[in-house]
Amino acid sequence: MNFHDEKELEQYLIRQFEWFHRHPELSYEEVETTAKIRELLTEAGIEVVPYPLETGLVAVVHGEKEAESGPERTIALRCDIDALPITEQAEIPYASETKGKMHACGHDFHIMAGIGTALLLKERSKEWSGTVKFIFQPGEEDAHGALKVLEADVMDDVERIWGLHADPTNAAGVIGIREGYVTAAVDRFVIRVKGVGCHAAHPDDGVDPILAASAVIQGLHSIISRNINAFHPALLSVTRVQAGTTWNVIPAEAELEGTVRTMNREDRILYEKRVHETAERIAAAYGAEAEVEWIFGAPATYNDGRMARLCEKIARIQGMETVPEEDSLGGDDFSYYEDKDTMGRDIPGCYLKIGTGVGRPIHHPAFCVDERVILPAAKYLAEVLMADIGGNC
Ligand code: NI
């Protein structure tokens, strides 16, 4: 596929972006999305690698330049592709055609920024050597899609991993980048407090799990102030409390659920330990018993310093503004790609934000992307990847 000029390429990218926006699919249901990505890449002569993935796919572009020194590298760009169960309220001519489903996190933008980058890298393949893998990942919103990609051994030969995310808090084309932790480890807990049910008029006949659970909640909130270093970002939220069926019965059980967000590994381990101890011992003080279920989610994302500086350097050369990536205890399963515990080895990674025009926040029913940012984003990413694989990192 040849584009006569940039205008033509831009129109193509926008047209296809609108198609993806009209056809959102939820996590692990990205069948049409995957077929469309495959169609566009194949049309462009880009190789799709037959990894065993039900949805999502991996493509590769090879550089044709002779490597200057050492073996040829393989690096990867991850673009997530799934949508959210939200009914779209954005007033745009290419709004979602499926009620209850919407690209409200900009993953349609990630798809087209990725495809645009692949097209540019292919067009300029004589200028670089090595291989770039494009991971079109399913199920990011489910927070575990990356694990499906990893199970398919996609990352075995990858030395560095890049990721991007749309950022509606910044003007179109502004690059958000920072060294260090940029998304949090996302863990979940469920606590079952077991007492002894009885008549509400005779609490002395039983053990009240509601009173014990309320003390557990208070105790859990003290972990951050008493156990975690005050300079470390971390939080705990209890988000669900369930107990009882009526007004005159003290139930036998109460259930709490919540999430813990941390940035570094030590705090994560400490939190798990302290949530167990706090819940179990406080419940015991009330004569009740607490059973803690801890569910580890994605770890924190760490932006490699050299890669972050490369992003800034390329932005400067391209005349694009950079801002420090905002602090957030949100999560992204991108972190699995660089995580030693998941991968068996640490892989340097970098997750950057691309301003998509100031507007509604992600996951809002009226979220939308300024389409004019797709081509600049692809051009920027192509430069970053070429510089990285060229060893200028
Ligand atoms: Ni997202």
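**Exercise 1. The largest pocket**

How many nonpolar, polar and charged residues does the lining of the largest pocket have?

*Solution.* Begin with the basis of the work: this is a predicted model, in which local features need pLDDT of at least 70 and side-chain atom pairs count only at pLDDT 80 or more, while totals for chains, interfaces and linings use all residues. Residues are numbered from 1 along each chain as its sequence is written, and side-chain values use heavy atoms, with hydrogens and water left out.

Next, fix the term: on a 1 Å grid over the protein atoms alone, a pocket is an open set of points where a 1.4 Å probe fits, with protein on both sides within 12 Å along at least five of seven lines, and lining residues have an atom within 4 Å of a point. The volume is the space filled by probe spheres set on the points, which are joined across faces, edges and corners, and for the largest pocket this comes to about 640 Å³. Its lining is made of 32 residues, of which Glu140, Arg261, Gly330, Gly331 and Asp332 are the closest to the centre.

Now sort the lining by class, where Ala, Val, Leu, Ile, Met, Phe, Trp, Tyr, Cys and Pro count as nonpolar, Asp, Glu, Lys and Arg as charged, and the others, Gly among them, as polar. The result is 12 nonpolar, nine polar and 11 charged residues. As a last step, look for the strands involved: β5 (160-167), β7 (180-183), β8 (185-194) and β16 (349-355) each supply at least two residues of this lining.

**Exercise 2. The chain as a whole**

State how many helices and strands the chain has, and what share of its residues is buried.

*Solution.* Helices (H or I, at least four residues) and strands (E, at least two) are DSSP runs, numbered from the N terminus, and on that count the chain has nine helices and 16 strands. A residue is buried under 20% relative accessible area, exposed over 50%, and partly exposed in between (1.4 Å probe, protein chains only); buried residues make up 54% of the 393 residues. Along its principal axes the C-alpha trace spans about 85 × 45 × 40 Å. Finally, taking contact to mean heavy atoms within 4.5 Å, 81% of the contacts between residues at least 6 apart in sequence join residues at least 24 apart.

**Exercise 3. Helix α2 and its surroundings**

Which residues of α2 are buried, and why do they lie on the same side of the helix?

*Solution.* First check the length of the helix, whose expected span is 1.5 Å times one less than its number of residues: the 13 residues of α2 (residues 31-43) should span 18 Å, and the end C-alpha atoms are 18 Å apart, which agrees. Then list the buried residues, which are Thr33, Thr34, Lys36, Ile37, Leu40 and Leu41. They share one side of α2 because they cover an arc of only 165° around the axis, the arc being that of the directions from the helix axis to the C-beta atoms. These buried residues pack against α1 (6-22), β1 (47-49), β2 (57-64), α3 (107-123) and β4 (129-137).

Two of these partners are helices that can be checked likewise. The 17 residues of α1 should span 24 Å, in agreement with end C-alpha atoms 24 Å apart, and what covers the buried residues of α1 includes α2, α3 and α9 (374-389). Helix α3 is mostly covered, with 15 of its 17 residues buried.

**Exercise 4. Two loop residues with positive phi**

Where are Ala143 and His363, and what is the phi of Ala143 and of His363?

*Solution.* Start from the general rule that most residues other than glycine have a negative phi. Ala143, in the loop between β4 and α4 (145-151), has a positive phi near 75°, and at 31% relative accessibility this residue counts as partly exposed. His363, in the loop between β16 and α9, also has a positive phi near 75°, and with a relative accessible area of 38% His363 is partly exposed.

**Exercise 5. A residue in a short strand**

Is Ile250 buried or exposed, and which residues are in contact with Ile250?

*Solution.* Ile250 lies in strand β11 (residues 249-250) and, with a relative accessible area of 11%, is buried. Leaving aside neighbours within four places in sequence, its contacts are Gly197, Cys198, His199, Ala200, Pro203, Val207, Asp208 and Pro209. Of these, Ala200 is 50 residues away in sequence, yet 5.3 Å away in space, C-alpha to C-alpha.
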